[in-house]
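Me: I would like a close look at one part of this model, namely the place where its two chains meet. Please take it step by step and keep to what can be read from the coordinates.

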2 protein chains.
Amino acid sequence: MNRGKGKLEKIEKLFGRQVTYSKRKNGLMKKAHQLSVLCDVQIAVVSFSPSGRLSQFSSHNKRMEEILERYANLPDYLRD
Amino acid sequence: MNRGKGKLEKIEKLFGRQVTYSKRKNGLMKKAHQLSVLCDVQIAVVSFSPSGRLSQFSSHNKRMEEILERYANLPDYLRD
DNA sequence: CGTGCTATCTATAACTG
DNA sequence: TCAGTTATAGATAGCAC
């Protein structure tokens, strides 16, 4: 029912933080996947859970390393 | 009005692809930011536009390199 | 390239099993 | 922990500027 409006600040209770992390992390990865398919672009997402576990997404079955290599080698004029 | 239900496949027209990329990329970065604040976790997002331009997000004002270093050095038991 | 609108679709907080 | 439910808040497609 989405009772709490959800201010954008750290969730203090560890349990709630873990639950929210799990759900929102799935949503984030889903959005990344959709964007990569819809627009045919390379995307990489790296996320560490509150307990330090890694989750990752890399588009087009590319290895994460391949995308990070493209990131590292990108010329300046294509950066923000 | 969200007329097209939006199947999950590449948008064929370049212009539409660029517009959708721009909008959804903003949404993705926003979600990543929210997750990093709400759950106090490190997140990195790297995204290349249809024209090859880079957008990136890294949480907590950490340099992207710092997060990618954590990624590279993470022990296997914390990986998926 | 953006920004604003808005009807509709999607994600999700709180809850239950 | 972990999946499902449901009422809401949030995101966004198509359009106009």
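How many residues of chain A are in contact with how many residues of chain B?

Reply: In this predicted model, 46 residues of chain A are in contact with 46 residues of chain B. Between them the two chains bury about 4300 Å², and 65% of that area lies on carbon and sulfur atoms. On the side of chain A, the three residues A:L38, A:F48 and A:Y71 supply 19% of the area buried against chain B, which is more than any other three residues supply.

The arrangement of the copies comes next. A turn of 180°, with a shift of 0.0 Å along the axis, lays chain A on chain B with an RMSD of 0.0 Å, and this is the relation of a two-fold axis. Among the residues of chain A, the one that comes closest to the rotation axis is A:V45, whose C-alpha lies at 2.3 Å. Because 100% of the interface residues of chain A are also interface residues in chain B, the copies meet through the same surface.

A:V45 also appears in the largest nonpolar core, which has 22 residues and in which A:L28, A:I43, A:V45, B:L28, B:I43 and B:V45 touch the most other members. To this core, α1 (14–38) and β1 of chain A, together with α1 (14–38) and β1 of chain B, each supply at least two residues. Apart from it lies another core, of 20 residues, which includes A:V46, A:F48, B:F48 and B:L54. For A:I43, leaving aside neighbours within four places in sequence, the contacts include A:F57 and A:I67 as well as B:L28, B:V46 and B:S47 of chain B.

In chain B, strand β1 (residues 43–48) pairs with strand β2 (residues 54–58) in the antiparallel sense over five bridges, one of which joins B:V46 to B:Q56. These two strands form a hairpin with five residues between them, and B:G52 in the turn has a positive phi of about 90°.

Helix α2 (residues 64–73) of chain B has B:M64, B:I67, B:L68 and B:Y71 as its buried residues; seen down the helix axis they fall within an arc of 95°, so they line one face of the helix. Their cover includes β1 and β2 of chain B, and also β1 (43–48), β2 (54–58) and α2 (64–73) of chain A. The face of α2(B) turned away from the buried side carries the exposed residues B:E69 and B:N73.

Conventions: Residues are numbered from 1 along each chain as its sequence is written. Chains are lettered from A and ligands numbered from 1 in the order in which they are written. This is a predicted model: local features need pLDDT of at least 70, side-chain atom pairs count only at pLDDT 80 or more; totals for chains, interfaces and linings use all residues. Side-chain values use heavy atoms; hydrogens and water are left out. Two strands pair if DSSP finds at least two bridges between them. Helices (H or I, at least four residues) and strands (E, at least two) are DSSP runs, numbered from the N terminus. Buried means under 20% relative accessible area, exposed over 50%, partly exposed in between (1.4 Å probe, protein chains only). The arc is that of the directions from the helix axis to the C-beta atoms. Contact means heavy atoms within 4.5 Å. Copies are superposed by least squares on the C-alpha atoms of residues with pLDDT of at least 70 in both. A nonpolar core is a set of buried Ala, Val, Leu, Ile, Met, Phe, Trp, Tyr and Cys residues joined through side-chain atoms within 4.5 Å. Buried area is the accessible area (1.4 Å probe) that two parts lose on being put together, summed over both.
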